[in-house]
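Visitor: I'm new to protein structures, and I'd like to learn how to read one. Could you walk me through it, feature by feature?

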Amino acid sequence: MTMMLEKEEAIGARYKTLRGISRQVNSRLMTFLDKATLDQAAERLGMLIEGTVVADGEATMDMYANYAIHGVFSGETSLCQRVLADDCPYEAGSDERLVLEAMAQSRFLVLKALRAVPGVGLEAEDLCRGGTLFLADVA
């Protein structure tokens with residue numbers, strides 16, 4: 001096995017671990033959202049119909065939850081940033097804290113795919129900020 005393949009497999013394994021943890025962190029973050037914030041997210045996404053959130057499936061609900069967590073700001077801060085600053089429920093150095101810190105620094109990107117790494121992810125060019133990056137994503 002080549003060294004590059006070993007590195008890619010290690011990245012894939014670590015990604016799978018952190019992806020599972022990110023689902024747990026997302027679920028916990030949802031408990032910090034109030035009804036007004038959830039309604040604001042649904043309204044912006046065109047999902048609030050007569051005071052009820054309407055979605056056509058699980059993928060749409062996931063997108064709505066992620067938008068409520070990352071896209072609805074109180075002042076200039078996201079929910080992730082506020083939880084980190086106020087009373088973070090995760091111990092420093094833990095994988096959960098690592099994931100929350102990464103979520104607090106997340107940003108929207110416009111990317112151009114450069115190279116697929118089967119089973120691991122994608123090398124891409126950031127068209128807005130310049131440079132290249134690697135996105136781990138394993139189904």
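Guide: Gladly! Keep in mind that this is a predicted model. Let's start with one residue: valine 25 touches Tyr90, Glu96, Val99, Leu100 and Met103, once residues up to four places away in sequence are set aside.

Visitor: Which residues of the largest nonpolar core touch the most other members?

Guide: Val25 is among them, together with Leu29, Cys80 and Leu100, in a core of 21 residues. Helices α1 (3-30), α2 (35-44), α3 (58-70), α4 (79-87) and α5 (95-104) each supply at least two residues of this core. The largest share, four residues, comes from α5.

Visitor: Let me step back to the whole chain. How many helices and strands does the protein have?

Guide: There are five helices and five strands. Going along the sequence, you meet them in the pattern α-α-β-β-α-α-α-β-β-β. The C-alpha trace spans about 55 × 35 × 30 Å along its principal axes.

Visitor: What percentage of the residues count as buried?

Guide: Of the protein's 139 residues, 29% count as buried. Another way to look at the fold is through contacts between residues with a separation of 6 or more: 40% of those contacts join residues 24 or more positions apart.

Visitor: Let's take cysteine 80 as an example. Is cysteine 80 buried or exposed?

Guide: Cysteine 80 has 0% relative accessibility, so it counts as buried; the cut-off for buried is under 20%. Cysteine 80 sits in helix α4.

Visitor: Which residues is cysteine 80 in contact with, leaving aside its neighbours within four places in sequence?

Guide: The list is Leu29, Ile69, His70, Leu100, Met103 and Ala104. You can also compare positions in sequence and in space: cysteine 80 and aspartate 39 are 41 residues apart in sequence, and their C-alpha atoms are 18 Å apart.

Visitor: And how does glutamine 81 count at 28% relative accessibility?

Guide: Glutamine 81 counts as partly exposed, because its relative accessibility is 28%. Glutamine 81 also lies in helix α4. Not counting residues up to four places away in sequence, glutamine 81 touches Phe73, Glu76 and Ala104. Glutamine 81 and glutamate 101 are 20 residues apart in sequence and 7.9 Å apart in space, C-alpha to C-alpha.

Visitor: Now for pairs of helices. How are two packed helices described?

Guide: We use the angle between their axes and the distance between the axes. Here, the axes of α4 and α5 come within 8 Å and cross at roughly 130°. The two helices are therefore oblique to each other. α4 passes α5 in a left-handed crossing.

Visitor: Which residues make the contact between α4 and α5?

Guide: From α4 come Cys80, Gln81, Val83 and Leu84, while α5 brings Arg97, Leu100, Glu101, Met103 and Ala104. Sorted by class, this contact has six nonpolar, one polar and two charged residues.

Visitor: Let me try another pair. At roughly what angle do the axes of α2 and α3 cross?

Guide: They cross at roughly 120°, and the axes come within 9 Å. That angle makes α2 oblique to α3. The crossing of α2 and α3 is right-handed. Thr37, Leu38, Ala41, Ala42 and Arg44 of α2 meet Tyr64, Tyr67 and Ala68 of α3. These residues divide into six nonpolar, one polar and one charged.

Visitor: Which residues of α2 are buried?

Guide: The buried residues of α2 are Thr37, Leu38, Asp39, Ala41 and Ala42.

Visitor: One last topic, the backbone angle phi. What sign does phi have in most residues other than glycine?

Guide: For most residues other than glycine, phi is negative. In this model, glycine 46 follows α2 and has a positive phi, near 75°. Glutamate 50 is not a glycine, yet its phi is positive, at about 50°.

Visitor: Where is glutamate 50 placed?

Guide: Look in the loop between β1 (48-49) and β2 (52-53). Glutamate 50 has a relative accessible area of 81%, so it is exposed; the cut-off for exposed is over 50%.

Key
Residues are numbered from 1 along each chain as its sequence is written. This is a predicted model: local features need pLDDT of at least 70, side-chain atom pairs count only at pLDDT 80 or more; totals for chains, interfaces and linings use all residues. Side-chain values use heavy atoms; hydrogens and water are left out. A nonpolar core is a set of buried Ala, Val, Leu, Ile, Met, Phe, Trp, Tyr and Cys residues joined through side-chain atoms within 4.5 Å. Buried means under 20% relative accessible area, exposed over 50%, partly exposed in between (1.4 Å probe, protein chains only). Contact means heavy atoms within 4.5 Å. Axes are lines fitted to C-alpha atoms, for helices over the stretch in contact, and angles run from 0 to 180 degrees between N-to-C directions. Angles under 35 degrees count as roughly parallel, over 145 as roughly antiparallel, 65 to 115 as roughly perpendicular and the rest as oblique. A crossing is left-handed if the near helix is turned anticlockwise from the far one by less than a right angle, and right-handed if clockwise. Ala, Val, Leu, Ile, Met, Phe, Trp, Tyr, Cys and Pro count as nonpolar, Asp, Glu, Lys and Arg as charged, and the others, Gly among them, as polar.
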